[in-house]
Each structure stands twice: as structure tokens, then as C-alpha cells.
Amino acid sequence: MKFPQSTMRRVVLSTVLFGASGFASFAQAAENNEVAVPMGFWNLDSAILPLSGTYGQVLLANYRADSVKGSDGNDIAFHKNISGIPVTVNGTVNAKIKVDGIIPKLNYISEEAILGGRYGGYIAIPLLKKSRDVVVSVTTPLPTALQQKIGAQASAAASGSTSGLGDIELAGFIGWKYESLSIVAAMNVDLPTGSFDRNSQVNLGMNSYSFRPLVSAAWSTESGFDFAASLAYNISTANRDTDYKSGQYLHLEYVGSYQFSNNVKAGLHGYYLKQTTYDKDPNGTSALPLINGNKARAASLGPVISYQTDDLKTQVEFKYLKEFSARSRPQGDLFLLTLSRMF
């Protein structure tokens, strides 16, 4: 079967547009497959407030995903009918996602109490380097040259990289201490400070506001075991340029740790993400128009270890989280190193 060049161009263009949005972000199903909120940044100090004062922190994050999962947990599949081609063009879309971040963070915790608890807040300023390498494979029997051309051009068009300032996060919180039990209530807000280009495949910001009410609780024991969990619910506004609206989601993080000495604590950390509402694309701005939207899901688990100086003013924490059971999003690994110092 021989195809004219005009038909080949239509096939390539259509597959490029499809491949550009055939998978979800590592945080949720979102426009252009971008990241609204990285998972795994919560820690035990978010549930048990440390000493009152001002803290400087630097978070060094590294996320790598070598596979992207569809709603059934398998590779993303596409089926496309194209004018001039007598058969449906079928194939798969996969990608490698990389996100590196340096995130300076300034925290304040009051000495005085309000409503019976100490209050405070923080600002986090993410400096990000993001890339996405897409692989589009055509499985429909077509001339080899045509299959290769479709895959290569669609992959290149859906891939990209960028670096710079991401969306700044602000938070206010209040924490209470009741003997072995600690509780913290917080409100986190993401500001659209990262750059956004509706024609780009990889962006530094979501071009929308996100609001996350959050409640954390921790239980400490005399034996040295600590248990903590945090439950948040994220709601985003529509993209200011495209009106694309990412779905809402529940975000549970949990950690169990043991105090091996006055300075060293180690344990297991994990999270569970479940998107509760579909994405909405009222203007059809996404390359793949959404009919019912997408819903993402993922879980993770991994070790965490921290070292704190005797004066309680300096802390170093390292964690590794392995993702599993992903749906409608990439599945990867997060490495996070956190350096904290009280002024």
C-alpha cells in the first residue's frame, strides 16, 4: 500500500497532536501533563511543630519516571481515524519524566499562642528543571517508513524541557500539643508565578491558583516510636489563559519512625493520591479533547532518615519514595534531601 506525501503529512500532524496530551502529570491529570503539587514533601515536623522561631530550609528534589500508566494501569493506547488512511491508526504513548528542584523555604513558628495553639507560616520558592521525552509507537501495520516518521515526529513534538521559577507556595498553620498527641491545621496556597505558554509541552507553572486545606496529626510514644499522617484536599482554579480546569484530589501522607538516639530517627514514609473529580476543558484547548476528563491515582512507600543536632537547631533529612499502582499518570521515584537550620 503506497501513501502520497499529503496523506503522510496528515497522519503525522494528527498523531503529533494526539501524542502531545496522551498521558497525565506525576501529580494529577492536568493540562499539558504538568505538575501542580509534588507529592512526598510533607514530613513529621508538619504534624509536630518544632521549637518556636524562624527556620531556613533548602529542599533538593529529584523525580524520575520511566513509564506512564493509563487508566487501566497499562501503557497509554491511542486509536485515530485519519482522512486518507483506510485503516484506524493505533499505537502507544510513553514518556520519561524528569523534575529536579532546589526549593528554598522560610518558616516561622510563634512563641505566643492563639486559640490554644502556636501559629506560623512559610513560603516555598521552587527553582525547577523539567523535561519530558515522549515515545510514540505506531502498531497499525503501515509502510515501515511511514510508521517511523509518525513515531519520530510525534515524539519530538510532544517532548520538551524548561527551567526557572515554579509556582510559589504560601502556607499558614496553627498547631496544638496534648501530651502524646499533636495536631496541626493548615491552609496552603499555590500562586501562578511560574511561566506558562499554551503552545509549550512543558511549563514551569499551572497558570492557576490552588488551595489545599490540610490537617495533620502525630502520636508520640515513650518507647521512641512516632506515627503521623496528613490529609489534604486540593482545589484549583481554571487556567487563566485556556480555561482548562484540573480535577480536585485527596492527598494522604503518612510516616512511622523510631528514635534510635537523641540525634537519629528513621522509618517509613508514603503517600496516597486519588483524584476525585474529572479535568474539564470547556474550550477544547488540550490537544486531546476531554469528554469525561481524567482521574489520577498513585501510592508510594520508602525509607526516611533524619539527623538532628543536640541543640535542636539543625536537621538533615533524606527520603526515597517508590511509586506503585499508578493510574492515568507517570510512575516513578522521588529522592528528597532537606536541610533545616534555625536562625
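# A guided tour of the strands and their side-chain contacts

Begin by selecting Lys105 and Tyr122: the charged end of Lys105 sits over the ring of Tyr122, 4.0 Å from the ring centre. The model on the screen is a predicted one, and every distance quoted on this tour is computed from its atoms.

**Stop 1: strand β3 and its partners**

Next, display strand β3, residues 89-114, together with strand β1, residues 53-69. These two strands run antiparallel and are joined by 13 bridges. To find one point of this pairing, select Asn62, whose bridge partner in β3 is Asp100.

Keep β3 in view and add strand β2, residues 76-80, which runs antiparallel to β3 and is joined to it by five bridges. Select Lys80 here; Val89 in β3 stands opposite Lys80.

Now add strand β5, residues 127-138, which pairs with β3 in the antiparallel sense over twelve bridges. A convenient marker is Lys96, with Asp133 of β5 standing opposite.

The remaining partner to visit is strand β4, residues 117-124, where seven bridges make an antiparallel pairing with β3. Selecting Ile109 shows its bridge partner in β4, Gly120. Then move to the turn of this hairpin, which has two residues between the strands. Which residue of the hairpin takes a positive phi? It is Leu115, with a phi near 55°.

**Stop 2: a salt bridge between β3 and β1**

Return to Asp100, the partner of Asn62, and add Arg64 to the selection. The side chains of Asp100 and Arg64 meet in a salt bridge, at 3.1 Å from N to O. Asp100 belongs to strand β3 and Arg64 to strand β1, so this pair ties together parts that are 36 residues apart in sequence. Are these side chains buried or exposed? Asp100 is partly exposed, at 25% relative accessible area, and Arg64 is likewise partly exposed, at 27%.

**Stop 3: further salt bridges**

How many salt bridges does a search of the whole structure find? The search gives seven. For another of them, select Asp226 and Lys265, whose side chains meet at 3.1 Å, N to O. This pair links distant parts of the chain, with Asp226 in strand β10 and Lys265 in strand β12 (residues 264-275), 39 residues apart. Asp226 and Lys265 are both buried.

Move next to Glu323 and Arg329, which form a salt bridge of 2.4 Å, N to O. Glu323 is buried, as is Arg329. Then select Glu169, Asp190 and Arg212, which are joined into one network by salt bridges that share partners.

**Stop 4: Arg212 in detail**

Stay with Arg212, which is found in strand β9, residues 210-220. Its relative accessibility is 4%, so Arg212 counts as buried. What does the side chain of Arg212 contact? One polar contact, of 2.7 Å, reaches the side chain of Asp190. Another, of 2.9 Å, reaches the side chain of Asn234.

**Stop 5: aromatic rings**

A search of the whole structure finds four aromatic pairs. One of them is Phe225 with Tyr258, a tilted pair with 4.7 Å from centre to centre and 50° between the planes. The pair links distant parts of the chain: Phe225 lies in strand β10 (residues 225-236) and Tyr258 in strand β11 (residues 249-259), 33 residues apart. Phe225 is partly exposed, with a relative accessible area of 40%. Tyr258 also counts as partly exposed, at 27% relative accessibility.

Turn then to Tyr320 and Phe335, an aromatic pair that is tilted, with 4.8 Å from centre to centre and 35° between the planes. Tyr320 is in strand β14 (residues 314-327) and Phe335 in strand β15 (residues 329-342), so that distant parts of the chain, 15 residues apart, are linked by the pair. Tyr320 is partly exposed at 23% relative accessible area, and Phe335 is partly exposed at 35%.

Go back to Phe225 and extend the selection to Phe227, Tyr258 and Phe260. Ring pairs link these residues, Phe225, Phe227, Tyr258 and Phe260, into a cluster.

**Last stop: a second lysine over a ring**

Finish with Lys295 and Tyr278: Lys295 lies over the face of Tyr278, at 4.6 Å from the ring centre.

Conventions
Residues numbered from 1 in each chain as written. Predicted model: local features only at pLDDT ≥ 70, side-chain atom pairs only at ≥ 80, totals over all residues. Heavy atoms only, no water. Pairing = 2+ DSSP bridges. Helix = DSSP H or I, 4+ residues; strand = E, 2+ residues; numbered from the N terminus. Buried < 20%, exposed > 50% of the residue type's maximum accessible area, 1.4 Å probe, protein only. Polar contact = N/O pair within 3.5 Å; in protein donor to acceptor, adjacent residues only side chain to side chain. Phe/Tyr/Trp six-rings, centres within 6.5 Å; stacked < 30°, edge-to-face > 60°. Lys NZ or Arg CZ within 6 Å of the ring centre and 35° of its normal. Salt bridge = Lys/Arg side-chain N within 4 Å of Asp/Glu carboxyl O.
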